[in-house]
Amino acid sequence: MKAIILAGGAGTRMKSHLPKCLHKVLGQSMVDTVISTVKNAGVEKTIVVTGHEGQMLRDSIKEPVVFAEQKELLGTGHAVMMAIEHISADDTVLVIYGDTPLVTFQAIARLAEQHQKDGNAVTVLSTIVDNAFGYGRIIYKKGRFAKIIEQKDLLPDQMEIKEINTGIYIFSGRALIDALPLIKSQNAAKEYYLTDATEIILSNGLKAGVYCSGDPEQFMGVNTRVQLAQATEALKRRRNEEFMLSGVTMIDPLSVWIGHEVSIGVDTLLYPGVILEGKTVIGAGCVIGPDTRIADSVLEDEAEASNSVIMDSFIGSGAKIGPFAYIRPHSKIGRNCKVGDFVEVKNSTIGDNTKASHLTYIGDSDVGENVNFGCGTVTVNYDGKKKHRTVIKDNVFIGCNSNLVAPVTLEEGAYTAAGSTITMPVPENALAIARARQINKEGWNKSE
Ligand code: UD1
Ligand code: CA
């Protein structure tokens, strides 16, 4: 089976500079979502028709697809014509629109089965909805499928029809190749409607049928940002249910947002306000949230993160992040570490069992195991021109309010006195004191 995905439309109703099919549902563009769905349905070759801001669309699609360009946007029938050179007569062709992101591969597989079984030249996927406004309607004559009429072309007595065209069809290559040149633009929109191909195929003496799905939600077309939000909501519900059924607890699934490439282990607990993005892998028995954003990161089993942001980093098992921590890209936090409130870590490696409990900045640092950061430690990594690294070996104890001016190394077991500004290496097991000695001026307050 080959697929033609139509993504050329301007999407006027979105009121956007971005082509409509690049708008995202749960972090993935609508067109990428449809591409991966048709792939899962067993499609071997996908042709994407681009038009409005076509270059932007072509640049954003990373999957191996073939592009066909529609220079003038003259309707869905015209769009398919732009892709027809990639279709041969003995192909089976799935046509689907890039603005229906909720479609499941199972629905496509069932449509393909029905198409095969009935020996049709075209089978249209329909569904029944409460509010059919805006959709093409399925018209039967004497109980047999006759044609599809678009909203703008409906007669008054056809307005009530609730069976709609989902915009998903399977054609035999031959029937499609023959029907396309016969489509005319004599309609309310002055467009070449793909939907007219069905009537043409019937008048060519071939079989056209309808497969009606009982699950209307998945065929929702996105034409406005309101519908984009509705589609996102529906996809979020579906995905969260899958996670819950596979062993993840969500206290408030409505407020949990999980991207399509994320995986989560069993018995992990998600509090409200959790956002998991990109290629994030969460282990088993983790506790995440409330209000925590994690992107492109790995959390090993039993790690915890609350009220925190973690970007492109690795968190070892049993580590506790937050509340109110910020883990910036390229950080690796070891097992059973604690990174507490108002601690920022950037581009640093931290060994197992190390603790930075409060108010600390660790940037461009290599930190060993079992290190203790006193409250208010700052690695001074930037001299105004260049970034430098701080090296802190195992079992180091850093007193509160220490500045570690990089490049600098604190050897194993070293101590720094509270309030020190460390600019020279500290040897193994030494105590570095780098601050003014205290002097007391007796009676200073009461003197004349
Ligand atoms: C279309 C169907 C309608 C169906 C509905 C389902 C037609 C004529 N109508 O209506 O029967 O109920 O989808 O959601 O097919 N596109 C192009 N080039 C064009 C025009 C559109 O590539 O010249 C693409 C758009 O980017 C979009 C898709 O085709 O992804 C559908 O176009 P749209 O204008 O949204 O059609 P609808 O009015 O929703
Ligand atoms: Ca549409």
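Here are three short exercises with worked solutions on this predicted model.

**Exercise 1. The calcium site**

Find which residues coordinate the calcium ion (ligand 2), and say where they sit in the chain.

*Solution.* Start at the ion: its donors come from Asp-99 (OD) and Asn-223 (OD1), at 2.4 to 2.5 Å. Next, place the two residues, which link distant parts of the chain, 124 residues apart. Asp-99 belongs to the loop between β6 (92–97) and α4 (105–118), while Asn-223 belongs to the loop between β11 (208–213) and α7 (225–245). Finally, check burial, for which the cut-off is under 20% relative accessible area. Asp-99 has 12% and so counts as buried; Asn-223, with 18%, is buried too.

**Exercise 2. The surroundings of Thr-416**

Decide whether Thr-416 is buried or exposed, and work out which polar partners its side chain has.

*Solution.* First, locate Thr-416: strand β37 (residues 415–416) holds it. Its relative accessible area is 3%, so Thr-416 is buried. Now look at the side chain. One polar atom there lies 3.0 Å from the backbone nitrogen of Gly-399, and a polar contact of 3.0 Å reaches the side chain of Ser-402. Then widen the view beyond neighbours within four places in sequence: the residues in contact with Thr-416 include Phe-397, Leu-410, Ile-422 and Leu-431.

**Exercise 3. A nonpolar patch**

Identify the residues that make the nonpolar surface patch of about 410 Å², and classify Ile-433 by its accessibility.

*Solution.* The patch is made by Phe-397, Tyr-415, Leu-431 and Ile-433. Of these, Phe-397 and Leu-431 also appeared among the contacts of Thr-416. Ile-433 itself is found in the segment after β39 (431–432). With 55% relative accessibility, Ile-433 is exposed, because the cut-off for that class is over 50%.

Key
Residues are numbered from 1 along each chain as its sequence is written. Chains are lettered from A and ligands numbered from 1 in the order in which they are written. This is a predicted model: local features need pLDDT of at least 70, side-chain atom pairs count only at pLDDT 80 or more; totals for chains, interfaces and linings use all residues. Side-chain values use heavy atoms; hydrogens and water are left out. Donors are N, O and S atoms within 2.8 Å of the metal (3.2 Å for Na, K and Ca); water is not among the atoms, so sites may look incomplete. Helices (H or I, at least four residues) and strands (E, at least two) are DSSP runs, numbered from the N terminus. Buried means under 20% relative accessible area, exposed over 50%, partly exposed in between (1.4 Å probe, protein chains only). Patches are made of residues with over 30% relative accessible area and no salt bridge: like charges are joined within 9 Å, nonpolar side chains (Val, Leu, Ile, Met, Phe, Trp, Tyr) within 5 Å. Accessible areas come from the Shrake-Rupley method with a 1.4 Å probe; for residues, only the protein chains shown count as cover. A salt bridge is a side-chain nitrogen of Lys or Arg within 4 Å of a carboxyl oxygen of Asp or Glu. A polar contact is a pair of N or O atoms within 3.5 Å; within protein, one must be able to donate a hydrogen and the other to accept it, and residues adjacent in sequence count only if both atoms are side-chain atoms. Contact means heavy atoms within 4.5 Å.
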